[in-house]
Amino acid sequence: MKHVVIIGNGISGITAARNIRKRSNFKITVISSESPYFFSRTALMYIYMGHMKFDHTKPYEDNFWSKNKIELVFDHVEQIETGSKVLHMRSEKSIQYDILVIAVGSKPAFFNWPGQELTGVQGLYSLQDLQRMEEQTKGVKHAVIVGGGLIGIEMAEMLRSRNIEVTMLVREKEFWSNVLPRDG
Ligand SMILES: Cc1cc2nc3c(=O)[nH]c(=O)nc-3n(C[C@H](O)[C@H](O)[C@H](O)COP(=O)(O)OP(=O)(O)OC[C@H]3O[C@@H](n4cnc5c(N)ncnc54)[C@H](O)[C@@H]3O)c2cc1C
């Protein structure tokens, strides 16, 4: 039986796993170092704003994975050996695959700005970013958001929900102008 290994348990990796399961009996393993199971990234802001708990962001019941014979591994892939088809993980374990799906998502853009590594400077993408934002905005009165796109405005809404003053630095003339018309 072929072994399909998927790196990334976001919507892409999980959709791939579900559809491969529907069409085959392959052994399926999904690896992620962000969270032990799939959660809705789009709901991160509602956790910060107190509308949801992290547990509410699970799109599937806990037994979904065993019922569908999808094995979840919480680990980070450090190296892919394509010749021998082996993945080397941070835990020093390795996994052999027949078919590899890479669904590792994205990350916030930083541009080697001096100070970008300092405490209090961060992006918003992952669960770990949300935890960082939770810790680093305690007692903060004024925040600056660099970027006039969807995530920037979500961060503004999050920060305003805690009465933190927000200044947005937007390069374009209007907010999210590559998507919204001027009136929008
Ligand atoms: C705050 C926020 C709000 C958003 N709101 C919306 C919205 O309202 N509507 C919308 O359509 N989109 C929204 N998006 C965008 C949407 O969440 C992404 O497009 C989507 O999550 C991408 O899914 P993906 O499966 O490709 O990648 P991801 O969700 O990024 O999943 C990839 C996973 O792979 C893991 N990974 C990466 N490298 C490794 C490795 N080497 N080893 C192990 N694991 C690894 C990552 O940690 C991550 O868990 C939002 C994004 C953010 C950050």
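# Exercises on a predicted two-domain model

Four strands of this predicted model form an open sheet with parallel pairing, in the order S3-S2-S1-S7. The exercises below begin from this sheet.

## Exercise 1. The parallel sheet

Determine which strands of the sheet stand at the edges, and describe how S1 is joined to S7.

*Solution.*

Step 1. Read the strand order from end to end: S3-S2-S1-S7. Strand S3 (70-74) and strand S7 (99-102) each have a single partner strand and stand at the edges, so one side of each lacks a neighbour in the sheet.

Step 2. Consider the twist. On average, and with direction ignored, neighbouring strands of this sheet are turned by 20 degrees against each other.

Step 3. Examine the link between S1 and S7. Strand S1 (residues 3-7) runs parallel to S7 and is joined to it by four bridges. Valine 5 has leucine 100 in S7 as its bridge partner.

Step 4. Add the helix. Helix H1 (residues 11-23) lies across S1, strand S2 (27-32), S3 and S7, and runs at about 175 degrees to S2.

## Exercise 2. The hairpin

State the sense in which S4 and S5 pair, parallel or antiparallel, and identify the residue of their hairpin that takes a positive phi.

*Solution.*

Step 1. Establish the pairing. Strand S4 (residues 77-81) and strand S5 (residues 86-89) are antiparallel, with four bridges between them.

Step 2. Locate a bridge: glutamate 81 is partnered by valine 86 in S5.

Step 3. Inspect the connection. The hairpin has four residues between the strands, and lysine 85 takes a positive phi near 55 degrees.

## Exercise 3. The β-α-β unit

Give the handedness of the unit made by S8, H5 and S9, and describe the pairing of its strands.

*Solution.*

Step 1. Pair the strands. Strand S8 (residues 142-146) and strand S9 (residues 165-169) are parallel, over five bridges. Opposite valine 146 stands leucine 169 in S9.

Step 2. Include the helix. Together with H5, these strands make a right-handed β-α-β unit.

Step 3. Set the unit in the whole protein, which has five helices and nine strands. Along the sequence, the pattern is β-α-β-α-α-β-β-β-β-β-α-β-α-β.

## Exercise 4. The two domains

Find how many residues each domain gives to the contact between domain 1 and domain 2.

*Solution.*

Step 1. Take the bounds from the domain assignment: domain 1 (3-102) and domain 2 (106-184).

Step 2. Note the separation. The centres of domain 1 and domain 2, taken over C-alpha atoms, are 27 Å apart.

Step 3. Count the residues. Domain 1 supplies seven residues to the contact and domain 2 supplies nine.

Step 4. Classify the side of domain 1 that touches domain 2: five residues are nonpolar, one is polar and one is charged.

## Exercise 5. The ligand shell

Explain why the ligand shell is placed between the domains, and describe which elements and residue classes make it up.

*Solution.*

Step 1. Identify the nearest residues. Among the 26 residues around the ligand, those that come nearest are Gly8, Gly10, Ser12, Glu34 and Gly105.

Step 2. Assign the shell to elements. At least two residues come from each of H1, S2, helix H2 (44-48) and helix H5 (150-160). The largest share, three residues, is that of H1.

Step 3. Sort by class. The shell has eleven nonpolar, twelve polar and three charged residues.

Step 4. Draw the conclusion. The shell lies between domain 1 and domain 2 because both give residues to it.

Notes: Residues are numbered from 1 along each chain as its sequence is written. This is a predicted model: local features need pLDDT of at least 70, side-chain atom pairs count only at pLDDT 80 or more; totals for chains, interfaces and linings use all residues. Two strands pair if DSSP finds at least two bridges between them. Axes are lines fitted to C-alpha atoms, for helices over the stretch in contact, and angles run from 0 to 180 degrees between N-to-C directions. Two residues are in contact if their C-beta atoms, placed from the backbone, lie within 7 Å. A residue is near a molecule or strand if its C-beta atom, placed from the backbone, lies within 6 Å of it. Ala, Val, Leu, Ile, Met, Phe, Trp, Tyr, Cys and Pro count as nonpolar, Asp, Glu, Lys and Arg as charged, and the others, Gly among them, as polar. Domain bounds come from an automatic or database domain assignment. A crossover is right-handed if, with the strands pointing away from the viewer, the path from the first strand over the helix to the second runs clockwise.
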